[in-house]
Amino acid sequence: MSRQQFVGQIPTPDTTSHEVMQWVWHHGLPAGAGTDTLAGKKTFYLPIGYQGHTLAILVGQGEDFTLADRLILDRFLTPLSAALKTFYLRQEAERHALEKLDAHLKSDLLQSVAHDLRTPLTGILASTALLRQDQTLTPANQHLLTNINHETNWLIQMIENILTVTRLQQGTIMFKTTPELVEELIFSAIEKFNWLHSQVHIDVQLPDEVIWIQAERHIFQQMLINIFDNAVKYGGPDVQIQVFVTVAHGQVTVTIQNAGQPFTVAQLTKINQQTRPNIQLGDQKRGLGIGLFLCQTIAKLHHGRLVAQNWQGGAEMQLVIPVNSTTA
């Protein structure tokens, strides 16, 4: 048979041809007549592409292809595969370069916008705090100033969360852990939290022993502040927050409880499965969005876990982190 005749012929498929082509496509290996796989078939299937990337499958009638034909075909397909590999690898490199550039542009834009927003928000926060000290204000005006103050606090915290999540995902944040005292991390986080919620009291119960962990101080405290903030959002400004610290089996457990509204089943699933927040839809109470997603990410970076659950008086978050046993 001449090569012109072969080009014009289409091999007759059998009942298993689709399955064979799927196998060839996924494995990138030839099958059918003249091969080691399904050699009894009359048709042969030859993948075209490069290692690990099949782009097409050549199908031919095995009895009409001589050894010389196969050698010629192989000699033709080898440089074709090399050219395809070069082409697709170049496309992949260009795609990664564009994604990296896009990530940097987004990060730079977020940081620029965050810086521009934080300056007026800090001014609003200071102004409302000063105005609230005016004893001549009516209760209605005091209430309005309190709402402005709380909303401004929320915006500042949200900006910090978005920036931290973006930097962590892009690898632009310097995550370097050092030995830290659990007691100091908790009380430092409470002190910063009380700048935003001075009326909230947090009771802490610690064991007698000194507990060290490996932690990145800034973002670890940001995780605790987000958990405290979530307790206020769901428990109200008069919520009672309790922190219990226990140690067992080389792990420290920090349990943060608030008396008030418990988590729903849907909320527990969302938090514990580390579902990525839908920023477009948002959250009516603003407590289960990017803040707790960030907390889950930070806990994982510290080789720990964060579990949401309910207790008899409301909701609780349980943070489990390995103890640094090498620190004296």
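1. Let me start with histidine 218, which counts as partly exposed because its relative accessibility is 47%. Histidine 218 belongs to helix 6. Its C-alpha atom is separated by 9.7 Å from that of phenylalanine 175, and the two residues are 43 residues apart along the chain. Bear in mind throughout that this is a predicted model.

2. Now for the overall make-up. The protein has 8 helices and 10 strands. Of its 328 residues, 35% are buried. About 19,700 Å² is exposed, with 58% of that supplied by carbon and sulfur atoms. As for contacts with a separation of 6 or more, 65% of them are between residues 24 or more positions apart.

3. On to the aromatic rings. A pair of them is described by two quantities, the distance of the centres and the angle of the planes. How many aromatic pairs does the count come to? The answer is 2 aromatic pairs. One of them joins phenylalanine 87 and tyrosine 88, with 5.2 Å centre to centre and 85° between the planes. That pair is edge-to-face, because the angle of 85° falls over the 60 degrees set for this class. Phenylalanine 87 has 41% relative accessibility, so it counts as partly exposed. Tyrosine 88 is also partly exposed, because its value is 31%.

4. Phenylalanine 193 and phenylalanine 228 form an aromatic pair as well, edge-to-face, at 5.6 Å centre to centre and 65° between the planes. Where along the chain do phenylalanine 193 and phenylalanine 228 sit? Phenylalanine 193 is in helix 5 (residues 182-196) and phenylalanine 228 is in helix 6 (residues 217-235). With their positions 35 residues apart, the pair links distant parts of the chain. Are these two rings' residues buried or exposed? Phenylalanine 193 counts as buried because its relative accessibility is 0%. Phenylalanine 228 has 1%, so it counts as buried too.

5. A look at the pockets next. Rolling a probe the size of a water molecule over the atoms shows where empty space is left. The largest pocket holds about 450 Å³ of space. Its lining has 15 residues, and the closest to the pocket centre are Ile156, Gln157, Glu160, Trp195 and Leu196. Which helices each supply at least two residues of this lining? They are helix 3 (67-131), helix 4 (139-170), helix 5 and helix 6. Sorted by class, the lining of the largest pocket comes to 6 nonpolar, 6 polar and 3 charged residues. If you are following the aromatic pairs, note that helix 5 and helix 6 are the elements holding phenylalanine 193 and phenylalanine 228.

6. The second largest pocket has about 350 Å³ of space. It is lined by 20 residues, and nearest its centre lie Pro30, Leu46, Pro47, Asp74 and Leu77. Strand 2 (43-50), strand 3 (53-61) and helix 3 each supply at least two residues of that lining. Which element gives the most? Strand 2 does, with 7 residues. The classes here are 9 nonpolar, 9 polar and 2 charged residues.

7. There is enclosed space too. The count comes to 2 cavities of 30 Å³ or more. The second largest cavity has about 40 Å³ of space. Ile227, Asn230, Ala231, Ile256, Asn258, Phe263, Ala315 and Met317 line this cavity. Helix 6, strand 8 (251-259) and strand 10 (314-322) each supply at least two of its lining residues. Helix 6 has the largest share, 3 residues. What about charge? The lining of the second largest cavity has no charged residues, and divides into 6 nonpolar and 2 polar.

8. One last spot is glycine 236, in the loop between helix 6 and strand 7 (241-248). Is glycine 236 buried or exposed? Glycine 236 counts as buried because its relative accessibility is 19%, and the cut-off for buried is under 20%. The C-alpha atom of glycine 236 is separated by 9.6 Å from that of alanine 259, with the two residues 23 residues apart along the chain.

Conventions:
Residues are numbered from 1 along each chain as its sequence is written. This is a predicted model: local features need pLDDT of at least 70, side-chain atom pairs count only at pLDDT 80 or more; totals for chains, interfaces and linings use all residues. Side-chain values use heavy atoms; hydrogens and water are left out. Rings of Phe, Tyr and Trp (its six-membered ring) pair if their centres lie within 6.5 Å; planes under 30 degrees apart count as stacked, over 60 as edge-to-face and the rest as tilted. Buried means under 20% relative accessible area, exposed over 50%, partly exposed in between (1.4 Å probe, protein chains only). Helices (H or I, at least four residues) and strands (E, at least two) are DSSP runs, numbered from the N terminus. Contact means heavy atoms within 4.5 Å. Accessible areas come from the Shrake-Rupley method with a 1.4 Å probe; for residues, only the protein chains shown count as cover. On a 1 Å grid over the protein atoms alone, a cavity is a set of points where a 1.4 Å probe fits but cannot get out, and a pocket is an open set with protein on both sides within 12 Å along at least five of seven lines; lining residues have an atom within 4 Å of a point. Grid points are joined across faces, edges and corners, and a volume is the space filled by probe spheres set on the points. Ala, Val, Leu, Ile, Met, Phe, Trp, Tyr, Cys and Pro count as nonpolar, Asp, Glu, Lys and Arg as charged, and the others, Gly among them, as polar.
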